[in-house]
Amino acid sequence: MSVTAAQGFTAAGIAAGIKTNGSPDVALVVNNGPRLAAAGVFTSNRVKAAPVHWSEQVLRGATVSAVVLNSGGANACTGPKGFQDTHATAERVAAALGGDHNAGEIAVASTGLIGVLLPMDKLLAGVDTAVTALAADGGEDAAIAIKTTDSVHKTAAVTRGGWTVGGMAKGAGMLAPGLATMLVVLTTDADLDGDTLDKALRAATRTTFDRVDSDGCMSTNDTVLLLASGASGRVPAYEDFAEAVRTVCDDLARQLIGDAEGASKDIRIEVVGALSEDDAVEVGRSIARNNLLKCALHGEDPNWGRVLSAIGTTRAAFDPDRLNVAINDVWVCRNGSVGDDRDLVSMKDREVRITADLANGTESAVIWSNDLTAEYVHENSAYSS
C-alpha cells in the first residue's frame, strides 16, 4: 500500500533536522528500472515554488530515476537562491546514488512554509542518510516524512494481472484544484512509455485531485508524479492501466479530504442535469467554496438556501425555477422552492451528500469538500512550520 508496492522501486524517509520537532522530513523514492519513464502534473498557480520549476524541466524528458521530497519548508518565493538550492539537492541525490544517475533526471518536491530558505546543510546531509536507508519496504517511511499538518500519512495501491500501481500523498490544507493537490508520488511496474503515463495521469487527476476543493486555496507547490519501472514485464491495455491509476488517485484524494485541517464533515457534492461538464464542475466548485454553507453543515444545518445562492453566482446554464437540491437524499428544494421537510435530513454521519440538479441537460460532476470549523481557523492562524 505504498510507492514501493510496485516492483523496481525503493524508498526511504528520514529525519534530517529540517523540522525543529525532530520528525521525519526527507523522503526519497528511487526507480531501479529497467524502464525510467515518468509523467507529471503541477500547480497552475502563477506563483510556483522553485522545485516545481525544476521538476517541470525534468519531466520534459519523460525520464525520472528518483524523486527527493522534503517537508518543513516549501522553498517557494525564495528567488534565485531557492532554485540554486533545488539544483544542488538534485545534484546531491545523483552523486549519492552514483551509477548512471544524473541531476537532470531527479525530480524535487518541497512542502511547508512559504518564503523561507531551506537549511541546505541539513537537507544535503539528509539526502546522504536517505540513500543509505533505501529499502523495498520503505514506502511507508517516505509517506510519513512528507507530512506537514497531516494527522496521518496517506498511501494506496492496486494490483491488476501481474502489475501494480501504488502511491503516497500529503495534504491537509491549501487543498484546491489546479491539476494536482499537494504532493503525490505514484509508481507502477507496468512497462509503459512516458506518453502513455502522461495520458493516464492527466485523465486521472482531472476527475480526482482536480475535484478536491477543501478551502479554495491553491498551493504554490502542488506536484503529482507517476513513475514506471517496467519491472513486471507486463504491458497492460491502456484502459486497464488508466482505470488503475484513477482508482489510486481517487483513494488518495479521498484521504486528503478526510484529513482536511479541522474538518468534521466530508462533503460530496454531485451536480447533475447540467448542460455541460464544465457547467457541472463550476457549480460544484461554487458550492464547495461557500463558507456560509460550510459553516451550516458543520452545525448540522441542512441549509439548502445557501446551495441555491452558490449556484446563482455561476455562469452555468439553468432556470432558477427548475433547480432541485437534495441533502443526504432528502429533496429539500424542488423547482427552486421549498421541497421535503428539512427535518427529515439526518446530519449525524461524517459524510454529507449534496445533489444539485440543474434540470438542464445530461452532464454531471462530483466535487469533494469539507466543513469550516473553529479548529481550521485556529490551525491556520498558528501554523508556521
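The following exercises, with worked solutions, concern helices and salt bridges in a predicted model.

**Exercise 1.** Compare the expected span of helix α2 (residues 79-97) with the distance between its end C-alpha atoms.

Solution. Helix α2 has 19 residues. At 1.5 Å a residue, the span should be 27 Å. The end C-alpha atoms lie 28 Å apart, which agrees. Just after the helix, Gly 98 has a positive phi of about 70 degrees.

**Exercise 2.** Find the buried residues of α2 and the elements they pack against.

Solution. Gly 82, Asp 85, Thr 86, Thr 89, Ala 90, Val 93 and Ala 94 are buried. Residues three or four places apart in an α-helix point the same way, because a turn takes 3.6 residues. The packing partners of the buried residues in α2 are β2 (26-31), α1 (50-59), β4 (66-71), β5 (106-111) and α3 (120-133).

**Exercise 3.** Describe the salt bridge between Asp 150 and Lys 170.

Solution. The closest N and O atoms of Asp 150 and Lys 170 are 3.8 Å apart, and the cut-off is 4 Å. Asp 150 is in the loop between α4 (139-145) and β6 (154-160), and Lys 170 is in strand β7 (residues 163-170), so the pair ties together parts 20 residues apart in sequence. Both residues are buried. A network of salt bridges links Asp 150 and Lys 170 with Lys 154 and Asp 259.

**Exercise 4.** Place the salt-bridge partners of Arg 202 and Arg 206 in the chain.

Solution. Arg 202 pairs with Asp 198, with closest N and O atoms 3.0 Å apart. These two are four residues apart in helix α5 (residues 194-207), about one helical turn. Arg 206 pairs with Glu 277 at 2.9 Å between the closest N and O atoms. This pair links distant parts of the chain, helix α5 and helix α7 (residues 277-288), 71 residues apart.

How values were computed: Residues numbered from 1 in each chain as written. Predicted model: local features only at pLDDT ≥ 70, side-chain atom pairs only at ≥ 80, totals over all residues. Heavy atoms only, no water. Expected span 1.5 Å × (residues − 1). Buried < 20%, exposed > 50% of the residue type's maximum accessible area, 1.4 Å probe, protein only. Contact = heavy atoms within 4.5 Å. Salt bridge = Lys/Arg side-chain N within 4 Å of Asp/Glu carboxyl O.
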